[in-house]
Amino acid sequence: MIERIDCTEKAKELIAVLKEKHGELMFYQAGGCCEGTQPQCFEKGGYYLRMRDVCLGEVEGCEFWVDRDLFEYWKFSHFTLDVLDGFGVGGFSLETPLQKTFKIHYRLFTEEELKDLTPVKTAE
C-alpha cells in the first residue's frame with residue numbers, strides 16, 4: 001500500500017526532540033484561518049478534532065490529521081512533512097520556541113499509486 005504521508009530526516013530529528021520534551025505528539029493541518037495551512041504539532045490530545053477530520057497516517061508514530069475540507073482538495077496528493085528555520089505564521093505549534101516551523105511539500109499521486117493508497121480514518 002502507498003502511504004499518504006512521510007517526512008524528511010530533518011523532520012524526524014525535530015520530532016524526536018519534541019517527543020523527548022513533550023511525550024506523545026500529534027499533527028493537525030487546518031484549511032485556513034489563524035494558522036493558514038501550516039501543519040501544527042501538539043501534545044497528543046492537545047487539539048480537539050472535529051467530526052470527519054481525516055487522519056492521513058503517521059509520521060514517526062504520530063498521527064497526522066487534516067481538516068475534512070482540506071482533505072477534499074488534497075486527497076489526490078502525497079504529503080511530505082519537512083522543517084524550516086524560522087517562525088511560521090503562528091505560534092501554537094510545539095516547535096515554535098526552537099525557532100523552527102513544520103512545512104508540507106505536496107505532489108500528486110501517479111495513476112498507479114492511486115490504485116493502492118492506504119485508507120484514511122475519520123474522527124467521529
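**Salt bridges, cysteines and cores**

Mentor: Lys12 has a relative accessibility of 28%, which counts as partly exposed. The model is a predicted one.

Trainee: Which side chain meets Lys12 in a salt bridge?

Mentor: The partner lies in helix H1, as Lys12 does, 3 residues apart, or about one turn of the helix. The bridge has an N to O distance of 3.4 Å. The partner of Lys12 is Glu9.

Trainee: How many salt bridges does the structure hold?

Mentor: One of them joins the side chains of Glu72 and Lys75, at 2.9 Å from N to O. Glu72 is partly exposed at 46% relative accessibility, and Lys75 is partly exposed at 26%. The total number of salt bridges is 9.

Trainee: How many residues apart in sequence are the parts that Arg50 and Asp67 tie together?

Mentor: Arg50 and Asp67 form a salt bridge, with the closest N and O atoms 1.9 Å apart. Arg50 sits in the loop between strand E3 (39-43) and E4, while Asp67 sits in the loop between E5 and H2, so the pair ties together parts whose separation in sequence is 17 residues.

Trainee: Is Asp67 buried or exposed?

Mentor: Its partner Arg50 counts as partly exposed, at 32% relative accessibility. For Asp67 the relative accessible area is 8%, and the cut-off for burial is under 20%. Asp67 is therefore buried.

Trainee: Which residues are joined into one network by salt bridges that share partners?

Mentor: The Arg50 and Asp67 pair is a salt bridge. Bridges with shared partners make one network of Arg50, Asp67 and Asp53.

Trainee: How many disulfides does the structure hold?

Mentor: A disulfide needs two cysteine sulfurs within 2.5 Å. The sulfur of Cys55 has its closest cysteine sulfur in Cys62, at 11 Å, which is too far for a bond. For the sulfur of Cys62 the closest is in Cys41, at 6.5 Å, again too far. The number of disulfides is 0.

Trainee: Which element gives the largest share of the largest nonpolar core?

Mentor: That core has 23 residues, and those with the most contacts inside it include Ile15, Phe27, Leu81 and Phe102. Among the elements that give two or more residues to it are strand E1 (5-7), helix H1 (9-22), strand E2 (25-29) and strand E7 (100-108). The largest share, 4 residues, comes from H1.

Trainee: Which cysteine is in contact with Ile15?

Mentor: With neighbours within four places in sequence left aside, the contacts of Ile15 include Leu25, Phe27, Val59, Leu81 and Phe102. The cysteine in contact with Ile15 is buried, at 0% relative accessibility. This residue is Cys62.

Trainee: How many residues make up the other core, which has Tyr28 and Phe42 among them?

Mentor: This core lies apart from the largest one, and Cys55 and Ala123 are also among its members. Cys55 is buried, with a relative accessible area of 5%. The number of residues in this core is 7.

Trainee: What is the approximate area of the nonpolar surface patch made by Phe76, Leu108 and Leu114?

Mentor: Phe76 is found in the loop between helix H2 (68-74) and strand E6 (77-85). A relative accessible area of 47% makes Phe76 partly exposed. The patch that Phe76 makes with Leu108 and Leu114 has an area of about 310 Å².

Key: Residues numbered from 1 in each chain as written. Predicted model: local features only at pLDDT ≥ 70, side-chain atom pairs only at ≥ 80, totals over all residues. Heavy atoms only, no water. Patch = residues over 30% accessible without salt bridge, like charges linked within 9 Å, V, L, I, M, F, W, Y side chains within 5 Å. Areas by Shrake-Rupley, 256 points an atom, 1.4 Å probe, with all protein chains shown as cover. Salt bridge = Lys/Arg side-chain N within 4 Å of Asp/Glu carboxyl O. Buried < 20%, exposed > 50% of the residue type's maximum accessible area, 1.4 Å probe, protein only. Core = buried A, V, L, I, M, F, W, Y, C linked by side-chain atoms within 4.5 Å. Contact = heavy atoms within 4.5 Å.
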